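Here's a friendly walk through one protein model, meant for someone meeting it for the first time. Have a look at the picture, then read on.

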Amino acid sequence: MPSTDFVVARNDLQQCKVIETQLPDAAALPDEALLVKVTRFAFTANNITYAVLGDHLKYWQLFPAPEGFGNVPVWGFGEVVASKHPGIAAGETLFGYFPMATHLVIEAADVSKTSLRDAAAHRQGVSPVYNAYRRVSGDPAFAGKQGDYQALLRPLFALSFMVDDFLAENEFFGAKRVLLSSASSKTAYGLAHLVHARGIRTIGLTSAGNVDFVNSLGCYDEVVTYDDVTSLPADQPVAYADMAGNSPLRSALHQYFGEQMKYSGIIGLTHRKSSPGEPAQALPGAIPQFFFAPDHIRKRSKEWGPGGFDTRYGAAWAGFVPKLDHWMKVSEHRGPAAVQHAYLDTLNGRVPPDQALILSLSE
Ligand SMILES: NC(=O)c1ccc[n+]([C@@H]2O[C@H](COP(=O)([O-])OP(=O)(O)OC[C@H]3O[C@@H](n4cnc5c(N)ncnc54)[C@H](OP(=O)(O)O)[C@@H]3O)[C@@H](O)[C@H]2O)c1
């Protein structure tokens, strides 16, 4: 059974190619295994971060690729085309973490009415969230446009939700305004939407070409370009949610706001070229710290009890999704050439912020 896979050179993400791999035919599947056709998946800057951190956070081990290459994980949908598991029928739709490929074999385990897990040995050792699949056949929340929104935003908005909750729990560290870099990114505007609704002032930092888009969202009280941060008043407390991961920008902000910088959270790295590492010298204000979502999820899961996280997240999601009809234009691109094009455009920051890409390696 041939699968078409898209792989990238781990040490030079500009190098990428389409390859054919062999998977077992339906008849030769091991017991409990599923042969899944990857039908469509989302692609955003977040997937580039998976590639950048592939070695460090073990993302490369999830979907094996030839020596020196990696298969970038994506969030999307698959259809079970053959099943050796008695509880799962061919034709089922699954939502979860997939390779950039036409097919995947899943070793189904912990099968419940709503979910299952891939128990393949090489997929262990990462957070369980990356090996869980939701069974979504017939679920309108995962069909059509709603399904595109889930693939595009579910993992991103979960982070927006966690950061908002963390900041609110800490009373915004005494700040009445939050600065967000890469304000045009989906993760940033998800966070701005939540923070803004609490009556905290949201200030979006973005590149000159994205100012109009960020202004149009309505969830930022103010928008400034990266080279104009000194136009902001420096004498009031501020919290910084950094999606860009841009070290020179972080240094400039800390120098400018000094002791008024009450929180500095490193969340993303959309500007990865400009941030090879942390600044060597100590910065004024709060010490920059990585926001590690699993720690916060663990804490809240304990405090909120069974279902508590899902209920709260579901309510936040329901308030966010209606905005997306105005904020995002979803387009679908199919086939290896289109996928390669979309990958390189995303890698090189050429996708306009109002565009949201749904891809498939199948024509
Ligand atoms: N820690 C976590 O668990 C977690 C979870 C979710 C997301 N994140 C991170 O949040 C960040 C945003 O992800 P997203 O998927 O929401 O992004 P997205 O919507 O695809 O963001 C696109 C924006 O990012 C900036 N950008 C993208 N590529 C760039 C490049 N090559 N050069 C310069 N700027 C570039 C631009 O914004 P500007 O012009 O406004 O700078 C662009 O408009 C990612 O780094 C992602 O990994 C982290």
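Let's start at the ligand. This is a predicted model, and in it 27 residues surround the ligand. The closest are Thr 44, Thr 49, Ser 185, Gly 268 and Gly 349. What kinds of residues make up that shell? They divide into eleven nonpolar, 15 polar and one charged. Three helices pitch in with at least two residues each: α1 (45-52), α2 (144-169) and α3 (186-197). The shell also draws on both domains, taking at least three residues from domain 1 and at least three from domain 2.

**Two domains**

So what are those domains? Domain 1 covers 2-138 + 328-360, and domain 2 covers 154-296. Their centres, taken over C-alpha atoms, are separated by 30 Å. Where they touch, nine residues come from domain 1 and 14 from domain 2. On the domain 1 side, helix α1 gives the largest share, with four residues. Sorted by class, that side has four nonpolar, four polar and one charged residues.

Helix α1 has now turned up twice, in the shell around the ligand and in the contact between the domains. One of its residues is Ala 45. Is Ala 45 buried or exposed? There are 23 other C-beta atoms within 10 Å of Ala 45, and 20 or more count as buried, so Ala 45 is buried. Leaving aside residues up to four places away in sequence, Ala 45 touches Ser 185, Thr 270 and Thr 346. Of these, Ser 185 is also listed among the residues closest to the ligand. For a sense of scale, Ala 45 and Tyr 263 are 218 residues apart in sequence, and their C-alpha atoms are 24 Å apart in space.

**A sheet of three strands**

One open sheet has three strands in the order β2-β1-β4, with antiparallel pairing. Strands β2 (12-22) and β4 (69-70) are at the edges with a single partner strand each, so each has one side without a neighbour in the sheet. Helix α8 (residues 336-347) packs on this sheet, touching β1 and β2, and its direction makes about 155° with that of β2.

Strands β1 and β2 form a hairpin, with two residues between them. Their antiparallel pairing runs over eight bridges, and Thr 4 stands opposite Glu 20 in β2. Strand β1 (residues 2-9) also pairs with β4 in the antiparallel sense, this time over two bridges. There, Val 8 faces Gly 70 in β4.

**A sheet of six strands**

Another open sheet has six strands, and here the pairing is parallel. What is the order of the strands? Reading across, the order is β12-β11-β10-β13-β14-β15. The edge strands are β12 (222-225) and β15 (289-290), each pairing on one side only.

Strand β10 (residues 177-180) pairs with strand β13 (residues 238-242) over three bridges, in the parallel sense. Leu 180 stands opposite Ala 241 in β13. Strand β13 also pairs with β14, again in the parallel sense, over five bridges. The partner of Ala 239 in β14 is Tyr 263, the residue we compared with Ala 45 above. Why is strand β14 (residues 261-266) described as largely enclosed by the rest of the structure? Five of its six residues are buried, so that's how β14 ends up largely enclosed.

**Two residues with a positive phi**

Most residues other than glycine have a negative phi. Here are two residues that go the other way.

| Residue | Phi | Where |
|---|---|---|
| Glu 32 | about 75° | loop between β2 and β3 (33-43) |
| Lys 58 | near 65° | loop between α1 and β4 |

How do their surroundings look? Glu 32 is partly exposed, with 18 other C-beta atoms within 10 Å. Lys 58 has 16 C-beta neighbours inside 10 Å, so Lys 58 counts as partly exposed too.

Notes: Residues numbered from 1 in each chain as written. Predicted model: local features only at pLDDT ≥ 70, side-chain atom pairs only at ≥ 80, totals over all residues. Pairing = 2+ DSSP bridges. Contact = placed C-beta atoms within 7 Å. Axes fitted to C-alpha atoms, helices over the stretch in contact; angles between N-to-C directions. Near = placed C-beta within 6 Å. Nonpolar A, V, L, I, M, F, W, Y, C, P; charged D, E, K, R; others polar. Domains from an automatic or database assignment. Buried ≥ 20, exposed ≤ 12 C-beta atoms within 10 Å, placed from the backbone.
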